[in-house]
Amino acid sequence: MVSNNILTKKRIDWVDMAKGYGTIAVIFAHLAVGKIGVWLYTFHVPLFFFLSGYVFNDSLKFNDFISKKGKGILIPYFTLGLPMLVFTFLQQYRGSWLTRESILTLLKEFIIQKRLWTLWFIACLFFVNIFFFFISKFIKSDLLKFAFSVVLVCVGIYYYRCGGQPLPWNIDVCFTATVFFCGGYLLKKHGKYFDYIKDKRAFAVLLFFLLGIANVVFGYLTHKISGNGMEMFDSTYGFPPFTFISAFAGIFAVIIFSTFFTLKPIKYIGENSLFYYAWHQTILIPITNKIFINFGLFNTVEHLSASYYVIRVTQTVLIIVITMIITLVINKTKLKILFGKK
């Protein structure tokens, strides 16, 4: 298994591939695609927490750790958020409801950050890293780390069941997200089992299908029992035992699939996932919706029909291409540092 120091310096192809697939899943799920979107929600956000745990480095001192996460997560939060603020202000101006009060309200929400846009995940990820830094320092046993993460899940769900509301910077989500982060961390530490799976291609294929079935079945059951499933933004977790089984099954299925082959476009999306994640819903979906509406595409198809899905797939591709062009420009300038790029 590659050492922690090397992992922090060299990108891992299958991690970027998994992030790429996860990013596409997030974008597509936000396009009102019915049951497909419900299925994608079973694992897509947990996948990102898991992958972040995989590349987590617990060998750093706290000051160095905070500095690294500040540059990699905290600064990008503000630089990615700035265009989103400007775009929203322009929309308000065009709608003739931009006021001093509306500006101050949005700025306050941006600074306090309680589930504001897709930025909620970036803010939460920063604190999940801090949460797990202390867990890894004070709990030495890997089994106890995972057990403690499960306890945090129970605390988080109890908090929501008691009417708990989103906390500043979405710290409340850290309780339910840490278990996924810990799962990624443990996969890295005990990678010999993962290496065995990768080396046995036939076994990996079989396991991929079994995990995919488990993801769908338990995702369906949690909706059947509780009426909802995994939606971390809305603090809903369905029937938790089945919800988390479905999430982990989906995560591992994506990871196995990501190790089969490397596609440069998908890998590129994974390498620049924060851009796609942050801007697609607040900026690019409204823009592309308007483009498609002006062409009359949504007026000619039935909702959730085959043609509707073709349009949504096309819209997803368009969003990806637009973002790719933007990132290619930014990554060739010194501005990339402000977006967590080296």
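In which loop is S235 found? The legends below take up this residue first and then move to other parts of the predicted model.

**Figure 1. Close-up of S235 in the loop between β1 and β2.** In this predicted model, S235 is found in the loop that runs between β1 (230-231) and β2 (236-237). The residue has a positive phi of about 60° although it is not a glycine. Most residues other than glycine have a negative phi. With a relative accessibility of 17%, S235 counts as buried, because buried means under 20% relative accessible area.

**Figure 2. Close-up of A32 in the loop between α2 and α3.** A32 is found in the loop between α2 (13-29) and α3 (35-40), and its phi is near 55°, a positive value in a residue other than glycine. Is A32 buried or partly exposed? Its relative accessibility is 42%, so A32 counts as partly exposed, a class that lies between the limits of 20% and 50%.

**Figure 3. The whole chain, shown as the setting for the close-up views.** The chain holds 15 helices and two strands. Its radius of gyration is 20 Å, close to the 20 Å that the globule rule gives for 342 residues, so the chain is as compact as a globular protein of that length. Taken along the principal axes, the box filled by the C-alpha atoms is roughly 60 × 45 × 45 Å. Buried residues make up 50% of the 342 residues, while the chain exposes about 16,900 Å², of which carbon and sulfur atoms supply 70%. If one takes the contacts between residues at least 6 apart in sequence, 78% of them join residues at least 24 apart. The chain has 34 positive and 14 negative charges, and the mean positions of these two groups are 5 Å apart.

**Figure 4. Close-up of helices α1 and α4, with the lowest and the highest mean pLDDT among the elements of the chain.** The chain averages a pLDDT of 91, and 97% of the residues score at least 70. Among the elements, helix α1 (residues 4-9) has the lowest mean pLDDT, at 39, whereas helix α4 (residues 44-54) has the highest, at 97. Over residues 1-9 the pLDDT stays under 50, and for this stretch the model has 15 contacts beyond four places in sequence. Where pLDDT is low, the predicted coordinates should not be read in detail. Helix α4 is mostly covered, with 11 of its 11 residues buried; among them are H44, P46, F48, F49, F50 and Y54.

**Figure 5. Close-up of L119 in helix α7.** The place of L119 is in helix α7, which spans residues 119-138, and the residue counts as buried, at 0% relative accessibility. When residues up to four places away in sequence are not counted, L119 touches Y77, L80, G81, M84, F110, Q113 and A278. L119 and W169 are 50 residues apart in sequence, and their C-alpha atoms are 9.6 Å apart in space.

**Figure 6. Close-up of Q113 in the loop between α6 and α7.** Q113 lies in the loop that follows α6 (100-112) and leads to α7, and at 0% relative accessibility Q113 counts as buried. Which residues are in contact with Q113, leaving aside its neighbours within four places in sequence? They are Y77, K108, L119, W120, A123, L167, P168, W169 and N170. The C-alpha atoms of Q113 and I36 are separated by 29 Å, and these residues are 77 residues apart along the chain.

**Figure 7. Close-up of K71 in helix α5.** K71 lies in helix α5 (residues 62-94) and has a relative accessible area of 54%, so K71 is exposed, a term that applies over 50%. Once its neighbours within four places in sequence are left aside, K71 is in contact with P76 and G340. K71 and T178 are 107 residues apart in sequence, with a distance of 21 Å in space from C-alpha to C-alpha.

Key: Residues numbered from 1 in each chain as written. Predicted model: local features only at pLDDT ≥ 70, side-chain atom pairs only at ≥ 80, totals over all residues. Heavy atoms only, no water. Helix = DSSP H or I, 4+ residues; strand = E, 2+ residues; numbered from the N terminus. Rg over C-alpha atoms; globule rule 2.2 N^0.38 Å. Buried < 20%, exposed > 50% of the residue type's maximum accessible area, 1.4 Å probe, protein only. Contact = heavy atoms within 4.5 Å. Areas by Shrake-Rupley, 256 points an atom, 1.4 Å probe, with all protein chains shown as cover. Lys, Arg positive; Asp, Glu negative; His and termini not counted. Charge placed at Lys NZ, Arg CZ, Asp CG, Glu CD. pLDDT = per-residue confidence, 0-100.
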